[in-house]
Amino acid sequence: MKLLVTGGAGFIGSNFIRYWLHTHPQDEIINFDKITYAGNLENLKDIEGNKNYKLVRADIVNHDVVRTVAKDVDVIVNFAAESHVDRSILDSSEFVRTNVLGTQVLLEAAKDFDLRFYHISTDEVFGSLALGSKERFNEQTPYDPRSPYSASKAASDHLVRAYIHTHGIDAIISNCANNFGPYQFPEKFIPVTITNILEGKKIPVYGDGLYVREWLYVEDHCRAIDLMINKGTLGETYCIGGMTQDVNNLEVVKKILKILGKGEDMIEFVKDRPGHDRRYAIDWSKAKRELGYEPQHDFDTYLAKTVQWYQDNQEWWQHIKSGEYKNYYATQYGNE
Ligand code: NAD
Ligand code: TDX
């Protein structure tokens with residue numbers, strides 16, 4: 001099989017490419033990535049020489065390049081997106097451009113070349129749950145996006161469903177929980193916490209810190225996507241969750257401080273995120289029933305392994321914090 005993976009130089013995409021080439025060594029992958037600030041080719045250093053891997057540096061909004069590349073593949077796995085909620089609050093234009101228009105361009109290619117399309121979306125499209133409630137998001141939960149980021153992801157999901165319904169394309173959507181693990185860009189909560197502690201800086205906790213996310217180890221997510229590609233029913237949606245049960249942000253920070261042997265004086269409560277969603281939780285029973293999916297990586301063990309990864313790979317995140325990672329494309333692939 002030949003896969004077009006968009007956004008493969010980002011956090012989940014690079015973990016997915018590594019996972020896929022390991023578990024399906026006969027398959028070919030084209031990593032189609034614009035290499036925005038979030039794209040980091042240092043994530044894929046160990047993959048670069050693989051004969052079944054190729055990078056195309058391009059924008060998913062670019063209709064012509066998408067079609068040139070897509071006509072020779074079997075499936076598209078769409079990770080490419082602007083993904084950081086705080087940035088979408090400062091300026092949502094790139095979010096609409098990449099997440100909505102980019103998805104539409106990919107869907108046109110899927111329609112015209114009869115490709116299977118796997119769209120990686122988020123639980124944030126369902127809105128926010130009350131703290132302390134037993135409610136969980138599932139595939140029937142009505143959409144209620146509340147940030148420009150989640151609104152753009154919701155729009156992209158609607159487009160995928162519209163192309164399934166109107167054009168009969170073969171597509172599946174997954175809505176997953178907050179991922180954590182190696183190679184996550186240090187603007188997101190867990191890597192910001194770990195790297196700030198390692199640098200002796202304060203940990204910025206938004207608002208009262210009593211916000212709840214469901215945490216999914218990135219490798220569980222990659223396996224869920226594999227199951228979806230190999231066993232999923234076309235036209236369906238699957239909610240993919242992890243193993244945490246209502247762990248709030250403050251508890252996450254305290255766990256990380258404990259792992260690193262540091263005190264709670266490193267916590268700094270800062271101004272809250274506008275429109276901050278209180279709680280996410282996922283009912284992943286459909287994925288379990290229909291795909292045989294179950295998360296295998298428990299939070300405490302894999303949080304400790306993630307902390308260890310950031311300790312062992314200081315150069316990786318220091319290159320990001322210093323901006324040096326942006327030079328990697330030119331040194332490996334020549335100037336644009
Ligand atoms: P990321 O920000 O780490 O990576 C995004 C990648 O997309 C980068 O490599 C970037 O260069 C690329 N990209 C951005 N705009 C592009 C464009 N116009 N054309 C081509 N490439 C472009 O994101 P991530 O955390 O790995 O998330 C991947 C996907 O999973 C996203 O669609 C996101 O919405 C979804 N998701 C993420 C999480 C999470 O916890 N990280 C949870 C649920 C869903
Ligand atoms: O410095 C911080 N301090 C803080 O308290 C940051 C960056 C975040 N937070 C809080 C906000 C959230 O309650 O931590 C929680 C997690 O924040 P993010 O890492 O920004 O993730 P979130 O907003 O939940 O969105 C993530 O999960 C769903 C991804 O960024 C999305 O791409 C994905 O769709």
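**Exercise 1.** Determine which element gives the largest share of the shell around ligand 1 in this predicted model.

*Solution.* Start with the whole shell, which holds 28 residues, a residue being near the ligand if one of its heavy atoms lies within 4 Å of it. Next, take the elements that give two or more residues, namely helix H1 (11–23), strand E5 (116–122), helix H5 (148–167) and strand E7 (178–180); helices (H or I, at least four residues) and strands (E, at least two) are DSSP runs, numbered from the N terminus. The largest share, three residues, comes from E5.

Residues are numbered from 1 along each chain as its sequence is written, while chains are lettered from A and ligands numbered from 1 in the order in which they are written. Because this is a predicted model, local features need pLDDT of at least 70 and side-chain atom pairs count only at pLDDT 80 or more, whereas totals for chains, interfaces and linings use all residues; side-chain values use heavy atoms, with hydrogens and water left out.

**Exercise 2.** Find the backbone atoms that make polar contacts (pairs of N or O atoms within 3.5 Å) with oxygen atoms of ligand 1.

*Solution.* Begin at Ile12, where a backbone N or O atom lies 2.7 Å from a ligand oxygen. Then turn to Gly10, with a polar backbone atom at 2.9 Å from an oxygen of ligand 1, and to Ile35, for which the corresponding distance is 3.5 Å.

**Exercise 3.** Classify the shell around ligand 1 by residue type.

*Solution.* Counting Gly among the polar residues, the shell has 14 nonpolar, 10 polar and four charged residues.

Methods
A polar contact is a pair of N or O atoms within 3.5 Å; within protein, one must be able to donate a hydrogen and the other to accept it, and residues adjacent in sequence count only if both atoms are side-chain atoms.
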